[in-house]
Amino acid sequence: MRAILNRFGKALIAGAATAAVIGMAAAPAFATAATWTVKPGGATTGTAGKTVITAKGTLKNGSGLAGAGLGSITSLAFKGCSILGQTPTVTITGKMPLNGISYNATTKTASMTITKIHGTISVSSLSCSATIDGTGATAHNGMVKATFSNVTNTLKVLASGNLHLYNNTCPVIANGDSVNFTGSYKLTPKQTITSP
C-alpha cells in the first residue's frame, strides 16, 4: 500500500494502510443496495502488495444484512515501507467498520467504505510523527473508498477519501496535507459479498 502526500510538489511515499470508507456517487451501473449477503463471514485476513500490509477483521455472515457495519477491520500490520528512506512505525487504533454501499451484479463488484480511521505515523530516526484522521486530529472519522470483487476475492482500497495529517512534526509534509492509501487485499478465507 502506498500513501502519497503532496506538499509543494513533493511526494512522501509511505507503506501504510488504514481501513477506509466508500461514499460513492451514484453511477448508472450501480443501484443503492438495501440488504446484503456475506458468506462465509467470520474472522478474515488480507495481505497487500510488495510492502506487506496485513489486515485482520471480521465479517458478518448471512442474508438480509444492513450495509452499515457488514464487518470491521480490527488491526493492521506493516512491513517493508519507507518514508524519505526511513522506516516508519504505523499505528492504527480502534475498530474500523466496513460498509456496503452499492452492488454491480454484472461485474460482481461491491462498492464499500471503511470508516472511523484514526492512527499515527512516526519515524524515530527523524524524531517526527503525525496523526492520520478525517476532519480533525481527534475526530476518528477518517474514511476511504473501496471495492470488493467476488471474481478475484479482492478488497481494493482506492485513492480517495478524507484522510489528512494533523499534529505533524515531520519534514516536507504539513498539517492538513491529504493522504491517500491504496492497496489490494486477497481475503482468507475466500468471501462472497452480494446484494440483495
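## Notebook: Asn150, Ile193 and their surroundings

I began with Asn150 and listed its contacts beyond four places in sequence, which gave Tyr103, Lys108, Lys190, Gln191, Thr192, Ile193 and Thr194. I keep in mind throughout that this is a predicted model.

**Entry on Asn150.** I then looked up where Asn150 sits and found it in the loop between strand S14 (142–149) and strand S15 (154–161). Is Asn150 buried or exposed? Its relative accessible area is 11%, and because the cut-off for buried is under 20%, I note Asn150 as buried. I also checked its side chain for polar partners, and noted that one of its polar atoms lies 2.8 Å from the backbone nitrogen of Ile193.

**Entry on Ile193.** Since Ile193 had come up as a partner of Asn150, I listed its own contacts, again leaving out residues up to four places away in sequence, and I read off Trp36, Thr37, Val38, Leu70, Tyr103, Ala110, Met112, Phe148 and Asn150. I next asked which residues have the most contacts inside the largest nonpolar core. They are Met112, Leu155 and Ile193, in a core of 37 residues. The strand that gives the most to this core is S11 (residues 109–117), with four residues. As background I wrote down that nonpolar side chains tend to be buried together in soluble globular proteins.

**Entry on Thr37.** Thr37, which I had met among the contacts of Ile193, is found in strand S4 (residues 36–39). Thr37 is buried, with a relative accessible area of 11%, and its side chain makes a polar contact of 3.4 Å with the side chain of Ser63. Leaving aside neighbours within four places in sequence, I found Thr37 in contact with Gly62, Ser63 and Gly64, and also with Thr192, Ile193, Thr194 and Pro196.

**Entry on the sheet.** I then looked up the sheet that holds S4, and found an open sheet of three strands in the order S7-S4-S18, with antiparallel pairing. Its edge strands, each pairing on one side only, are S7 (62–65) and S18 (192–194), and from one strand to the next the twist averages 15°. How many bridges join S4 to S18? I found three, with the two strands running antiparallel, and I noted that Lys39 stands opposite Thr192 in S18.

**Entry on the disulfide.** I searched for disulfides and found that the structure holds one, formed by Cys128 and Cys170, whose sulfur atoms are 2.2 Å apart. The pair links distant parts of the chain, 42 residues apart, with Cys128 in strand S13 (residues 128–133) and Cys170 in the loop between strand S16 (164–166) and strand S17 (180–188). Why do I record the disulfide of Cys128 and Cys170 as right-handed? The torsion about its S-S bond is about 90°, so I enter it as right-handed. I checked burial at both ends as well: Cys128 is buried at a relative accessible area of 5%, and Cys170 is buried at 12%.

**Entry on the whole chain.** Last, I took the totals for the chain, whose secondary structure comes to zero helices and 18 strands. Of its 196 residues, 49% count as buried. Among contacts between residues at least 6 apart in sequence, I noted that 65% join residues at least 24 apart.

Notes. Residues are numbered from 1 along each chain as its sequence is written. This is a predicted model: local features need pLDDT of at least 70, side-chain atom pairs count only at pLDDT 80 or more; totals for chains, interfaces and linings use all residues. Side-chain values use heavy atoms; hydrogens and water are left out. A disulfide is a pair of cysteine sulfur atoms within 2.5 Å. Buried means under 20% relative accessible area, exposed over 50%, partly exposed in between (1.4 Å probe, protein chains only). A polar contact is a pair of N or O atoms within 3.5 Å; within protein, one must be able to donate a hydrogen and the other to accept it, and residues adjacent in sequence count only if both atoms are side-chain atoms. Contact means heavy atoms within 4.5 Å. A nonpolar core is a set of buried Ala, Val, Leu, Ile, Met, Phe, Trp, Tyr and Cys residues joined through side-chain atoms within 4.5 Å. Two strands pair if DSSP finds at least two bridges between them. Axes are lines fitted to C-alpha atoms, for helices over the stretch in contact, and angles run from 0 to 180 degrees between N-to-C directions.
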